[in-house]
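Work through the exercises below with the sequence and the 3D view at hand. Each task is followed by a solution in steps.

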Amino acid sequence: MAAYDGFDSMPIAGRWRPGRSTSTAEDTDPYTGDVLTTLQLAAESDVEEAFDAARTAQRDWADTLPSERAEVFLRAARIMERRKDEIIGWLTHEAGGIQPRSEWEWMAVRAVMLEAASYPTRAAGRILPAALIPGKENRVYRQPLGVITVISPWNFPLQLSNRSVAPALALGNAVVLKPASDTPVTGGLLLAKIFEEAGLPPGLLSVLIGKSSEIGDAVSAHPAAQLVSFTGSTPVGRHIAEQSGITKTALELGGNGPMVVLDDADLDLAVNAAVFGSLFHQGQVCMATNRVIVDAARHDAFVDKLCDRVSALRTGNPADPATQIGPIINSSQVASIQDKLQRAAEQGAEVRLGGDPTGPTGQVLPPHVVLGDNGIATAAEEVFGPVVTVIRADDDEHALAMANDTEYGLSSAVFSSDEARALRIAHRLEAGMTHINDTTVNDEPNTAFGGEKNSGIGRFGGEWVIDEFTTDHWISVQHTPRQYAI
């Protein structure tokens, strides 16, 4: 089986070709700086061609038997098994993922493929009794929306593209995908190769790699799109929502995940969860544990255990199986993290552990442990880097108030040896997801993934994504002559 190639072009309207922009872009390994591929980028004319083809292809696809649509995703899952090492290699070299992280993303994407295979037969309508009119039968048909725009980020590129692309296609829609420019292969081109090999008809999935300044608005506000699915920053998500007008949006935006550690918590469990939640994939996770809020009675012991664990972590090349902390995606992101660390220190925070960037590209930032209050930069803002900020709480109510004192509400966690006590706290956390005695970083293909407040609109996964990516059409049948008022 030959490895996939041709990543110097993109699938637009059923044909792999370069974009029509005069601009090109190099896709590089964030650790070594090696050029992985060079792409001629997409222009607005490519956007138009992709949406035109999507509208045409979608009509026949929606009429395809559910069993035939389902088989595409079952084949895609089998292809992923055969190409596991190839896919993991791309995730390591393009996204900078350490081996366990790249393997986790492969597993998550495959799980979404299998879940999506069930959607064609789960999108069911209903027959309702007449409420007011004698002789009437009310039918509510569940139908695909049509064309869905997917805009995905660089941190978990294959998963965060596929969790929208696979359900959208499975439910009878067509997709135009714009992945992040830092991860064009794993964010889109590799996924398109998998679906092509699985037998997805041409034109149903176009991938547009291009500068946001050139095609961003054309993609996100295209009139042919019935829904825009975006994962990324809150400011960009707000811009997309403003542009979209009455077009539906599904937005998974920023996070500032709190982990609340109560005075009866198992500290070893809590520390392990905090290390994973804050530092997995260098903290470049929307669900990351941005703040660890620890009861004053356990704060100092927690910090000592945390520092012991963090100081032993190995940094370096993500291709090395021994590496636990790899590179940040690009130099501007490194600068952003360092800026937050500097401002936190100026605001009175204690940087208990840290260090300067290393590696061939200067993008391997050692993990940092910061002690401070809820107002310092690394607590008040989403860091998206390998930083654990620990905050002292007076009691349960104080911890809860600080956890909720943020514009975000994506993922959260509570640690306590008393499950009922933790559940009482969990119910009062202003978040779309809360995990008791577990990390904030959780993702399952069959449940409701999403946030509250400025962390987004809508839910991914399971029956929730079926609701997002379909629409209801009420058709009534009048079986007997109706008597009208006039």
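Two strands count as paired if DSSP finds at least two bridges between them. The model used here is predicted.

**Exercise 1.** Find which residue of β16 stands opposite Ile293, and describe the pairing of β13 with β16.

Solution.
- Step 1: Strand β13 covers residues 289-295 and pairs with β16 in the parallel sense, over 5 bridges.
- Step 2: Across from Ile293 stands Ile391 in β16.

**Exercise 2.** Place β13 and β16 in their sheet and state which strands form the edges.

Solution.
- Step 1: The strand order is β14-β15-β16-β13-β12-β18-β19, an open sheet of 7 strands with mixed pairing.
- Step 2: β14 (350-353) and β19 (433-436) each have a single partner strand, so one side of each has no neighbour in the sheet; these two are the edges.
- Step 3: From one strand to the next, the twist averages 25°.
- Step 4: Helix α11 (residues 296-311) lies across β12, β13, β14, β15 and β16, at about 165° to β16.
- Step 5: Helix α15 (residues 419-428) lies across β18 and β19, at about 170° to β19.

**Exercise 3.** Classify the ring pair of Trp154 and Phe384 and say what the pair ties together.

Solution.
- Step 1: The ring centres of Trp154 and Phe384 are 5.5 Å apart and the planes stand at 85°.
- Step 2: Planes over 60 degrees apart count as edge-to-face, so the pair of Trp154 and Phe384 is edge-to-face.
- Step 3: Trp154 lies in the loop between β7 and α6, and Phe384 in the loop between α13 and β16, so the pair ties together parts 230 residues apart in sequence.
- Step 4: Trp154 and Phe384 are both buried.

Notes:
Residues numbered from 1 in each chain as written. Predicted model: local features only at pLDDT ≥ 70, side-chain atom pairs only at ≥ 80, totals over all residues. Heavy atoms only, no water. Phe/Tyr/Trp six-rings, centres within 6.5 Å; stacked < 30°, edge-to-face > 60°. Helix = DSSP H or I, 4+ residues; strand = E, 2+ residues; numbered from the N terminus. Buried < 20%, exposed > 50% of the residue type's maximum accessible area, 1.4 Å probe, protein only. Axes fitted to C-alpha atoms, helices over the stretch in contact; angles between N-to-C directions. Contact = heavy atoms within 4.5 Å.
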